[in-house]
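User: I have a structure open on my screen and would like to talk it through with you. Can we go over it piece by piece?
Analyst: Gladly; please put it up here.

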Amino acid sequence: MYAIIENGNKQYKVSEGDVLRLEKLDAQVGDSVEFPVVMISAEDGIKTGEEVKTAKVSAKVEAQDKFRKIVVFKYKAKKNERKKQGHRQPFTAVKIEKITL
């Protein structure tokens, strides 16, 4: 059984027990969060739309962290223009606990 959830204008395929890195959520480590369901695939087939309106995916926040640093280097030839920046995107790691219909 798996579900397609929506978070931050993105969709993710999840099953029970999966650990997922999402855009940063406003929640503390150990909190429980719920996500809206777009689609569920179970033993009796695929359900979408009105059939999954009451369905929920509950997850537990495991970590608030940042991804590894990426280097952004801007350069213009023959102009002696160089700019080096680093960026670390924040994320929230959640563990999917239960998918309910």
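User: Let me start with a detail. Where does the charged end of K13 sit?
Analyst: This is a predicted model, and in it the charged end of K13 sits over the ring of Y2, at 4.4 Å from the centre of that ring.

User: OK, stepping back, how many helices and strands are in the protein chain?
Analyst: The protein chain has zero helices and nine strands, and reading along the sequence gives the pattern β-β-β-β-β-β-β-β-β.

User: And is it a compact globule or more spread out?
Analyst: The protein chain is more spread out than a compact globule, because its radius of gyration is 19 Å, which is well over the 13 Å that the globule rule gives for 101 residues. Taken along the principal axes, the box filled by the C-alpha atoms is roughly 65 × 30 × 20 Å.

User: How much of the chain is buried, and what does the exposed surface consist of?
Analyst: Of the 101 residues, 30% count as buried. The protein chain exposes about 7,300 Å², and carbon and sulfur atoms supply 46% of that area. As for the contacts with a separation of 6 or more, 64% of them are between residues 24 or more positions apart.

User: Now the strands. Which strands does β9 pair with?
Analyst: Among its pairings, β9 (residues 90-100) is joined to β3 (residues 19-23) by five bridges, with the two strands running antiparallel, and β9 also pairs with β6 (residues 56-66) in the antiparallel sense over 10 bridges.

User: Can you give me residues to look at for those two?
Analyst: For the pairing with β3, look at V19, whose bridge partner in β9 is K95; for the pairing with β6, look at S58, which stands opposite K98 in β9.

User: What is on the other side of S58, so to speak?
Analyst: I can tell you about another partner: S58 in β6 is also the bridge partner of E34, and β4 and β6 pair in the antiparallel sense over five bridges.

User: Changing topic, how many aromatic pairs are there?
Analyst: The count comes to one aromatic pair. It is formed by F67 and F91, whose ring centres are 4.5 Å apart and whose planes lie at 40°, so the pair is classed as tilted. The pair links distant parts of the chain, since F67 is in the loop between β6 and β7 (70-76) while F91 is in strand β9, 24 residues apart.

User: Are those two rings buried or exposed?
Analyst: They fall into separate classes: F91 counts as buried, at 4% relative accessibility, whereas F67 is partly exposed, with a relative accessible area of 33%.

User: What else touches F91?
Analyst: One of its contacts is K24, which touches Q64, P90, F91 and T92 once residues up to four places away in sequence are left out. K24 is found in the loop between β3 and β4 (32-42), and with a relative accessible area of 55% K24 is exposed.

User: How far is K24 from E6?
Analyst: The C-alpha atoms of K24 and E6 are 14 Å apart in space, and the two residues are 18 residues apart in sequence.

User: Then N7, where is that and is it buried or exposed?
Analyst: N7 has its place in strand β1 (residues 2-7). N7 is buried, because its relative accessible area is 12% and the cut-off for buried is under 20%.

User: Which residues is N7 in contact with?
Analyst: With neighbours within four places in sequence left aside, N7 is in contact with Y12, L22, E23, L25 and F35.

User: Last thing, I want to check backbone angles. Which residues other than glycine have a positive phi?
Analyst: Two to look at are N9 and N80: N9 has a positive phi of about 65° although it is not a glycine, and the phi of N80, also a residue other than glycine, is near 55°.

User: Where do they lie, and are they buried or exposed?
Analyst: N9 lies in the loop between β1 and β2 (10-14) and is exposed, with a relative accessible area of 75%. N80 lies in the loop between β7 and β8 (81-87), and N80 is exposed as well, with a relative accessible area of 68%.

How values were computed
Residues numbered from 1 in each chain as written. Predicted model: local features only at pLDDT ≥ 70, side-chain atom pairs only at ≥ 80, totals over all residues. Heavy atoms only, no water. Pairing = 2+ DSSP bridges. Helix = DSSP H or I, 4+ residues; strand = E, 2+ residues; numbered from the N terminus. Buried < 20%, exposed > 50% of the residue type's maximum accessible area, 1.4 Å probe, protein only. Contact = heavy atoms within 4.5 Å. Phe/Tyr/Trp six-rings, centres within 6.5 Å; stacked < 30°, edge-to-face > 60°. Lys NZ or Arg CZ within 6 Å of the ring centre and 35° of its normal. Rg over C-alpha atoms; globule rule 2.2 N^0.38 Å. Areas by Shrake-Rupley, 256 points an atom, 1.4 Å probe, with all protein chains shown as cover.
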